[in-house]
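Here is a walk through one protein model, written for someone who likes cut-offs next to the claims. Have the sequence and coordinates open as you read.

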Amino acid sequence: MNQPLAYVHPGAKIAKNVVIEPFTTIHNNVVIGDGTWIGSNVTIMEGARIGKNCNIFPGAVIAAIPQDLKFGGEDSLAIIGDNCTIRECVTVNRGTIASGQTVVGNNCLIMAAAHIAHDCHIGDNAIIVNGVLLGGHVTIGKYAIIGGLSAVHQFISVGDHAMISGGSLLRKDVPPYTKAAKEPLSYVGINSVGLRRRGFTSEKIKEIQEIYRILYQKNYNTTQALGIIEAEMEATPERDEIIDFIRNSSRGVMKGYSGNY
């Protein structure tokens, strides 16, 4: 349903059952999938690719050019997966020549006034809470939760199933399955509640806890801890995921909290 007070460029590709509310503007070179609802006063700019059954609330701006002085006007995309909810006044910038695209995965919830900068990659089922600011080239893993008003430095990675406390400043990478809080941002345990909700067994949760005890609570440096984990713990997908994340971290991973948990 295309409201007469909305503007849709003739070059946009809109599925027949998309609802577009009044005062919304959709530019050229936009694709919107079946069943998506676009609220009033939304702006969807060139390069947007929006999936099926999404809900985009008033004031959102999707696929504006990057806030990057190096951006040279190159063609790039902002990709929103299926079944996503984009709340009021969210901004998602499209990519630069670095990767060519900004990506929000399937089943994501991006809450009001969050900003997703150029070349960010958000995994499936992630939750970005109100007022979160993601710098360029940030990677957020699947099922990760970024607490409200957190600010994430460019090129940071947050692992799968991690949970970040509200109001956090992320200057270092956050490994998968962890909870992060305090200032400076520190390891405060694993996200055991979230893992149980997603079907992880008690044995698997204990395995992940033991890995992080070695990393953060045994007074080893990172190289020593990883060596012990590889030598003494059975190889599993979760173990290898944690090891690979830490070894591939370009900014280094967060430290352990030295106070009482």
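Burial first: a residue is called buried under 20% relative accessible area, exposed over 50%, and partly exposed in between, using a 1.4 Å probe and protein chains only. His153 is partly exposed because its relative accessible area is 32%.

Now the ground rules. This is a predicted model, so local features need pLDDT of at least 70 and side-chain atom pairs count only at pLDDT 80 or more, while totals for chains, interfaces and linings use all residues. Residues are numbered from 1 along each chain as its sequence is written, and side-chain values use heavy atoms, with hydrogens and water left out.

**Domains**

The domain assignment splits out domain 1 (7-155) and domain 2 (194-256); such bounds come from an automatic or database assignment. Taken over C-alpha atoms, the two domain centres sit 32 Å apart.

**His153 and its surroundings**

His153 sits in the loop between β22 (151-152) and β23 (157-158). Strands here are DSSP runs of E with at least two residues, helices are runs of H or I with at least four, and both are numbered from the N terminus. Contact means heavy atoms within 4.5 Å. Setting aside neighbours within four places in sequence, His153 touches Val138, Leu170, Arg171 and Arg251. From His153 to Val253 is 100 residues along the chain, and their C-alpha atoms are separated by 13 Å.

**The pocket**

Val253 also turns up in the lining of the largest pocket, together with Leu215, Tyr216, Asn219, Tyr220, Asn221, Thr222, Ile246, Met254, Lys255 and Gly256. Two elements give two or more residues to that lining: α2 (202-216) and β28 (255-256). The largest pocket holds about 150 Å³ of space.

How was that found? Rolling a probe the size of a water molecule over the atoms shows where empty space is left. In detail, the search runs on a 1 Å grid over the protein atoms alone: a cavity is a set of points where a 1.4 Å probe fits but cannot get out, a pocket is an open set with protein on both sides within 12 Å along at least five of seven lines, and lining residues have an atom within 4 Å of a point. Points are joined across faces, edges and corners, and the volume is the space filled by probe spheres set on them.

By class, the lining has 6 nonpolar, 4 polar and 1 charged residues. Here Ala, Val, Leu, Ile, Met, Phe, Trp, Tyr, Cys and Pro count as nonpolar, Asp, Glu, Lys and Arg as charged, and the others, Gly among them, as polar.

**Around Ser186**

Ser186 belongs to strand β27 (residues 186-190) and is buried because its relative accessibility is 6%. Leaving out neighbours within four places in sequence, its contacts are Lys179, Ala180, Ala181, Met254, Lys255, Gly256 and Tyr257. The Ser186 side chain also reaches the backbone oxygen of Pro184 at 2.7 Å. That is a polar contact: a pair of N or O atoms within 3.5 Å where, within protein, one must be able to donate a hydrogen and the other to accept it, and residues adjacent in sequence count only if both atoms are side-chain atoms.

Pro184 itself lies in the loop between β26 (178-181) and β27, and is exposed because its relative accessible area is 53%.

**Backbone oddities**

Most residues other than glycine have a negative phi, and most peptide bonds are trans. The Glu183 to Pro184 bond is cis, with omega near 0°. Ala63, in strand β10 (residues 61-64), has a positive phi of about 75° and is buried at 1%. Tyr177, in the loop between β25 (169-170) and β26, likewise has a positive phi, near 75°, and is buried at 3%.

**Two buried loop residues**

Both residues below sit in loops; contacts again skip neighbours within four places in sequence.

| Residue | Loop between | Relative accessibility | Contacts |
|---|---|---|---|
| Val30 | β4 (25-26) and β5 (31-32) | 0%, buried | Ala12, Lys13, Ile44, Met45, Glu46, Ala48 and Arg49 |
| Ala114 | β15 (109-110) and β16 (115-116) | 1%, buried | Cys89, Val90, Thr91, Ile128, Val129, Gly131 and Val132 |
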